[in-house]
Amino acid sequence: MPEGHVIHRLAGQYDVAFAGAVVSVTSPQGRFADSAALLNGRHLVDTDAYGKHLFLNFDDDRAVHVHLGLYGKVTFDRSPAPEPVGLVRMRLEGSGRYADLRGPAACDVMSHEQVAAVVDRLGPDPIRTDADSELAWERLQTSRSSIGSVLMDQRTFAGVGNIYRAEVLFRARVNPHREARAVRRRTFDAMWDDLVTLMRVGVRDGRIDTVLPEHEPEAMGRAPRDDRHGGEVYVYRREGQRCFVCGSKVRLEDMQGRTLYWCPRCQRR
DNA sequence: AGGGCATGGGCAT
DNA sequence: TGCCCCTGCCCTG
């Protein structure tokens, strides 16, 4: 489930497990072998998360930059680490624990200057306390795209993915096709505040929950769902099912190559 | 066994 | 706007 909340959670887990420790770094799969050899036995100082990018900061101006993409996963467990199962790109081990990274879109070593360049390309991240939402608002003003597209643009909202995009639009009752620059300030503020709340809850719980108490399964006489992404949501992957609020059928469509879910009645133009 | 699909994004065109 | 990459799971046959 790699939207921003997962990355921030991982940063915390890597930090708890390894910060301040000397760690062994290996690449059982081999694709990160040269870099692993470079870092092996060094000190992991701390970690950072910005949008969907994770940084493991080692001493001597070296950081591991990880982007999970669609499939990347990390598992943590106590040492001793067993023989790697599947394709493990990077294994860290130290302080009685190990962490295996599988399937990332990116895993490479960077200088802090290179890290800064990556971060510079990102918009404000609602999970970070140093985020400046004004920068996202300014981007909306100069955009020619729909609000549905802009919410997925990492230069505008870092860390927002397809689930938070769909859910925050639904909760604000905003039609995904509305021009981004036509969104009112009050509506933008409400969506930003909602992202801050929802994504931080996501970091805390390790899942995405967006449904208000009055619409929860128990309140509605429905059975709780157990979907692949873990949480309870209004529209994401609920195409063809009834909207919890108005009873209309949730719609699915392709928006610039990504699947968009929305309620045509609650989110009228 | 094999195809399609997924919470993402970089690159060529 | 497509095409491609990362991997695993679920569906079909």
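Here is a short chat about a predicted model of a protein with DNA.

Colleague: Which side chain has an N or O atom 2.9 Å from a phosphate oxygen of DNA strand C?
Modeller: Start with the residues around strand C, among them Gln 29, Arg 31, Arg 89 and Gln 256. The side chain of Arg 89 has an N or O atom 3.2 Å from a sugar or linking oxygen of the strand. For the phosphate oxygen at 2.9 Å, the side chain is that of Gln 29.

Colleague: And of the strand C atoms within 4 Å of the protein, what percentage belongs to sugar or phosphate?
Modeller: Those atoms split between sugar or phosphate on one side and bases on the other. On the protein side, the surface residues near the strand come out as 3 nonpolar, 3 polar and 3 charged. The sugar or phosphate part is 41%.

Colleague: How many residues of helix H6 are buried?
Modeller: H6 covers residues 162-171, and its buried residues include Ile 163, Leu 169 and Phe 170. They pack against helices H1, H5 and H7, plus strands E10 and E11. The count is 9 of 10.

Colleague: How far apart in sequence are the parts tied together by Trp 137 and Phe 188?
Modeller: These two rings make a tilted pair, 5.3 Å centre to centre with 50° between the planes. Both residues are buried. Trp 137 sits in helix H4 and Phe 188 in helix H7, so the parts they tie together are separated by 51 residues.

Colleague: Is Tyr 234 buried or exposed?
Modeller: Tyr 234 forms a tilted pair with Phe 244, at 6.2 Å and 55°. Buried means under 20% relative accessible area. Tyr 234 has 2%, so the word is buried.

Key:
Residues numbered from 1 in each chain as written. Chains lettered and ligands numbered in written order. Predicted model: local features only at pLDDT ≥ 70, side-chain atom pairs only at ≥ 80, totals over all residues. Heavy atoms only, no water. Near = heavy atom within 4 Å. Polar contact = N/O pair within 3.5 Å; in protein donor to acceptor, adjacent residues only side chain to side chain. Nonpolar A, V, L, I, M, F, W, Y, C, P; charged D, E, K, R; others polar. Buried < 20%, exposed > 50% of the residue type's maximum accessible area, 1.4 Å probe, protein only. Helix = DSSP H or I, 4+ residues; strand = E, 2+ residues; numbered from the N terminus. Contact = heavy atoms within 4.5 Å. Phe/Tyr/Trp six-rings, centres within 6.5 Å; stacked < 30°, edge-to-face > 60°.
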